[in-house]
Amino acid sequence: MPLDSAIRTDVPADFTTPLLAIAVPQGAMPASLDALDRASGGAIQRIYAAKDFSGKKDEVALLYPGGKAERVLLIGTGKADDADRDRLRRAAAIAAKRAQALGVGTAAFHLTREARGAVAPRDAGQAVAEGLGQGAWQFIEMKRPPDEPRASLTRVDILVAPDAAGFDEGHRIGAAIAAGQALARGVQVLPSNVCTPSYLAGVAEDLGRRHGFTVTVLDKAAIVAEGMRTLMAVAQGSAEEPRFIVLEHRGAGGSPTVLVGKGVTFDTGGISIKPAQSMEDMKYDMSGAAAVLGTFEAIGRIKPDAHVIGLIPSTENMPSGTALKPGDVIRSHLGKTIEIINTDAEGRLILCDALSWARRYKPARVVDLATLTGAMVIALGHTATGVMGTDEGLIERLRAAGERAGERLWPLPLWDEYRDLIKSDIADMKNSGGRPAGSISAGWFLREFTDEFPWAHLDIAGTAYSDRDDPTRVKGPTGLGVRLCTELVLDRS
Ligand code: BES
Ligand code: MN
Ligand code: ZN
């Protein structure tokens with residue numbers, strides 16, 4: 001099912017395809033489309049002359065010009081001077097999403113020289129591959145096929161101008177990242193009766209087999225034996241067994257980058273149960289884990305000279321006769337004690353044992369990704385991911401990676417004053433600081449477990465999934481974090 005895209009040097013006017021999507025900048029018809037326009041009997045010029053299309057960002061026009069391409073889809077990228085990776089990624093995503101909706105099995109995408117503007121060919125190749133994957137993604141496996149099924153988009157041929165040296169190399173990276181993002185979305189979207197902690201472990205083991213990673217899975221007995229008591233405290237209320245998943249890519253020696261993903265496969269809130277409204281979205285509470293798995297898919301394809309470790313603590317959060325209760329005190333893997341105020345603040349409980357576990361690798365940096373707080377959605381909405389941490393250099397690198405990836409980060413402070421929010425009367429800390437600065441108190445809780453390495457935390461609660469379609473993707477899981485983490489690992493920013 002993953003979309004296959006390939007670069008071709010054919011000229012657009014001579015290319016036979018059910019759909020030719022063309023990215024064009026704002027203004028008159030780009031000169032590079034003259035040949036195609038002539039081959040189409042002037043159909044493209046006519047739409048410009050009628051002022052029905054001018055190439056504004058996200059503007060589209062669908063033509064049936066009667067040339068070799070059955071359909072031509074013009075996609076505006078806005079002012080040529082504003083061209084950047086994000087605009088090109090968007091145009092490619094719009095093309096693929098529309099191709100999917102039209103039911104064409106294959107399509108072509110032509111990036112005009114004019115639309116590329118000052119974007120380097122290598123970056124353009126990457127952005128286009130990423131965008132095509134983003135726009136093409138869909139999840140239809142759980143529906144009965146319609147009586148007259150439409151073809152799914154399986155291949156997009158990319159037509160580039162011959163002067164675009166480096167485009168191929170960028171495309172190879174982008175296609176790997178797109179495959180990783182598709183893997184993440186495919187895991188995120190699965191309901192919790194399918195996507196259990198042992199299912200996530202199976203995905204990791206499959207990645208290991210396909211790409212040669214070392215994968216270790218700790219089952220419940222091993223988690224108990226290792227003393228991951230806060231992970232067990234969350235898991236103890238569930239009939240479904242927890243897993244602790246470790247993936248390792250050893251593309252180089254030296255101290256590793258450790259990526260930690262929250263893998264709560266369903267978050268009911270536990271005894272501090274959530275309201276029913278939108279509770280079904282809590283199947284997405286394993287989105288941090290999905291981002292780590294997707295990043296490993298990309299890494300497996302790119303095989304960078306880097307040492308990367310993925311850690312996924314995974315469990316359900318359920319209420320039951322054996323569940324964790326408010327007031328309970330748990331001694332974490334690190335040894336610090338935690339008073340449970342709210343069993344719905346479970347993400348930090350499973351992450352803190354994973355952060356403690358990470359010390360053994362003497363990491364160069366640790367980055368965790370988690371759908372951690374509803375307060376994050378209130379603060380930044382669905383537009384940006386909150387970043388907190390102990391290392392300004394790491395935070396800056398992450399932000400630069402986020403700009404390249406089109407996955408924006410915005411910093412929140414972990415000032416000392418905020419530590420008071422999680423002060424407990426009887427334990428080293430409590431697991432909830434209440435409503436004020438809810439994302440920051442969660443960050444501070446994690447910080448208590450990160451003394452031995454540079455660390456940053458990404459709260460993806462607002463960005464991991466979306467409740468509405470936009471021109472570039474369907475609603476549902478976004479696979480956010482895969483592009484960002486792969487950029488961090490490649491470190492070309
Ligand atoms: N998984 C939720 C956070 C969440 C909420 C993610 C909405 C995506 C959308 C997390 O486990 C949680 O329940 N957090 C609590 C913490 C509180 C009890 C301190 C919250 O945000 O309400
Ligand atoms: Mn919760
Ligand atoms: Zn949660």
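**View 1. Residues surrounding ligand 1 in the predicted model.** The shell around ligand 1 consists of 7 charged, 5 polar and 5 nonpolar residues. Among these 17 residues, the nearest are K274, D285, D344, E346 and G374.

**View 2. Polar contacts of ligand 1 with D285, E346 and G374.** A nitrogen atom of ligand 1 lies 2.8 Å from a polar side-chain atom of D285. The side chain of E346 places an N or O atom 2.8 Å from an oxygen atom of ligand 1. From G374, a backbone N or O atom lies 2.7 Å from an oxygen atom of ligand 1. The protein buries 80% of the 520 Å² that ligand 1 exposes when taken alone.

**View 3. Coordination of the manganese ion (ligand 2).** The manganese ion (ligand 2) is coordinated at 2.0 to 2.2 Å by D267 (OD), D344 (O), D344 (OD) and E346 (OE). Along the chain, the donors of this ion are spaced as D-x76-D-x1-E. The site has 6 donor atoms, and the angles among them run from 71 to 167 degrees. Six donors count as octahedral only if opposite donors are over 155 degrees apart and all others lie between 65 and 115 degrees; the site of the manganese ion (ligand 2) is classed as irregular.

**View 4. D267 between the manganese ion (ligand 2) and the zinc ion (ligand 3).** The two ions lie 3.2 Å apart and are bridged by D267.

**View 5. Accessibility of D344 and E346.** D344 is partly exposed, with a relative accessible area of 22%. E346 counts as buried because its relative accessibility is 1%, and buried means under 20%.

Definitions and conventions
Residues numbered from 1 in each chain as written. Chains lettered and ligands numbered in written order. Predicted model: local features only at pLDDT ≥ 70, side-chain atom pairs only at ≥ 80, totals over all residues. Heavy atoms only, no water. Donors = N, O, S within 2.8 Å, 3.2 Å for Na, K, Ca; no water. Tetrahedral: all angles 85-135°; square planar, octahedral: opposite > 155°, others 65-115°. Buried < 20%, exposed > 50% of the residue type's maximum accessible area, 1.4 Å probe, protein only. Near = heavy atom within 4 Å. Polar contact = N/O pair within 3.5 Å; in protein donor to acceptor, adjacent residues only side chain to side chain. Areas by Shrake-Rupley, 256 points an atom, 1.4 Å probe, with all protein chains shown as cover. Nonpolar A, V, L, I, M, F, W, Y, C, P; charged D, E, K, R; others polar.
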